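This briefing moves from the chain as a whole to a single helix and its surroundings. Please read it alongside the sequence and the coordinates shown here.

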Amino acid sequence: MITGLDEKLQPVLEEVLRRNAGEPEFHQAVREVLESLGRVVAKHPDYLDDALIERICEPERQIIFRVPWVDDAGQVQINRGFRVQFNSALGPYKGGIRFHPSVNLGIIKFLGFEQTFKNALTGMPIGGGKGGSDFNPRGRSDGEIMRFCQSFMTELHKHIGEYVDVPAGDIGVGGREIGYMFGQFKRLTGRYEAGVLTGKGLAYGGSRARREATGYGLAYFVGRMLSTRGAVFADKRVVVSGSGNVAIYTMEKVDAFGGKVVACSDSGGYIVDDAGVDLDLLKEIKEVRRERIAEYVRSKGAGARYIERGSIWETPCDIALPCATQNELTGKDAATLVANGVIAVGEGANMPCMPEAVRVFQDAGVLFAPGKAANAGGVATSALEMQQNASRDSWTFEQTEERLASIMRNIHDVCAATAEEYGSPGDYVLGANIAGFVRVAEAMRALGVI
Ligand code: NDP
């Protein structure tokens, strides 16, 4: 007996656990969605027909491959590559590529599963997928990164395409890596198929505002969520974990909205700057010099402090925005944030809050925005990049950001309305899971047994 789950959905989860042994992150992601679906099947029992929910939990295709490459010392290195093509009912598979030593099949499956519902929430014609490798880019030279990306794409190119599967960046994969992968795709296929990857540079088919989109989108979503309680970002103390793509552009937009970001982190530790994090300096350290965050304190001098390891969530704040990685915020961290008076939490990363943390926030009445809704701005803008590529067009920053803002407003409102319809006003987790599920399920039903 699995607690907290509708009895009709128990066999679905039991089968997922049995068939995907040793993949705890995937189990966690499936369980969270199934917990929300109890109310859907109570109202619409026909969703239980034809093993529809079981099919949604099973990826359409899982590709695992060897990635051999030669390092600067002339040594041959081997990594493992993955692409999980989870669901294509709504469009070509779409989702990022992650390079991080922790990557394994279970992590890519959890991300692909989440991505399927996230992409559905955007209302755009994109299915869900995710990929990556256990390659660790840290400390690698430019040449090594390029050779790795080329080898990775040498296999991946057989499985992707504008109408098939369109990867983008994620942890460890930014503009530089997308450029190397696009270059190799072009060489191998002899085709300038711009719509095969998103997150491209502006010089060769990228979209303005794609780099900023996930972070900006998170700030837009949380801003709208705050407004449901008559609150705004202005004059709030904000803590953002991570200092990568999502974190940096979240901070930039929070700043523009008048909030004050007082702490951020990387995997080595975190910095606190009560005067407000100096974004120009942070960008210089992280985007240009590619250094550790401890450098911030050395460069900034008085006023800022660096805490090695430790939990960034001990920093008192009004708004917490976890933007680093999965399961980075525990139940204990959530209790600390609540005790310190947090009023809103928005997930920039995918599944950064552990299930017990989400419960702590919800029980305390803290506004909580789940990643699959709140960080959907990145993939939505990737879909805008695909639109621009298909029409051989290039939009201005303002035009693209306006589309992003309107998509985020819409996602927020759909989640809020769905939560209300299913009897839990203000429960964005429930709203996002149900609204995403219904869109995917309806498309799958229309396509027959697929
Ligand atoms: P980046 O690689 O640009 O940045 C990741 C940041 O998180 C770095 O500061 C990194 O520190 C830190 N980090 C990574 N792993 C850990 C860890 N195990 N413990 C502590 N800190 C860690 O990635 P992104 O900003 O692109 O992605 C961040 C999150 O947002 C991920 O969950 C990703 O799936 C999600 N996301 C990203 C989107 C995008 O458009 N890029 C879209 C939607 C979601 P260090 O450098 O020390 O490793």
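The chain, seen here as a predicted model, contains 16 helices and 12 strands. Its radius of gyration is 21 Å, which agrees with the value near 22 Å that a compact globule of 450 residues would have.

**Overall dimensions and packing**

- Along its principal axes, the C-alpha trace of the chain extends over about 60 × 55 × 45 Å.
- Buried residues make up 57% of the 450 residues of the chain, and among contacts with a separation of 6 or more, 71% are between residues 24 or more positions apart.

**Surface and charge**

- The accessible surface of the chain amounts to about 17600 Å², and carbon and sulfur atoms contribute 50% of this area.
- The chain carries 51 positive and 57 negative side chains, with the centres of these two sets 3 Å apart.

**Helix 9 and its surroundings**

- Helix 9, which covers residues 279-288, has as its buried residues Leu279, Leu281, Leu282, Lys283, Ile285 and Lys286, so that the list includes two lysines as well as leucines and an isoleucine, with burial taken as under 20% relative accessible area.
- The cover over these buried residues includes helix 8 (245-256), strand 7 (260-266) and helix 10 (294-300).
- At the start of helix 9, aspartate 278 places a side-chain oxygen within 3.2 Å of the backbone nitrogen of aspartate 280, while arginine 290, which follows the helix, has a positive phi near 50°.

Terms used
Residues are numbered from 1 along each chain as its sequence is written. This is a predicted model: local features need pLDDT of at least 70, side-chain atom pairs count only at pLDDT 80 or more; totals for chains, interfaces and linings use all residues. Side-chain values use heavy atoms; hydrogens and water are left out. Helices (H or I, at least four residues) and strands (E, at least two) are DSSP runs, numbered from the N terminus. The radius of gyration is taken over C-alpha atoms; the globule rule is 2.2 Å times the number of residues to the power 0.38. Buried means under 20% relative accessible area, exposed over 50%, partly exposed in between (1.4 Å probe, protein chains only). Contact means heavy atoms within 4.5 Å. Accessible areas come from the Shrake-Rupley method with a 1.4 Å probe; for residues, only the protein chains shown count as cover. Lys and Arg count as positive and Asp and Glu as negative; His and the chain ends are not counted. The place of a charge is taken as NZ of Lys, CZ of Arg, CG of Asp or CD of Glu. A polar contact is a pair of N or O atoms within 3.5 Å; within protein, one must be able to donate a hydrogen and the other to accept it, and residues adjacent in sequence count only if both atoms are side-chain atoms.
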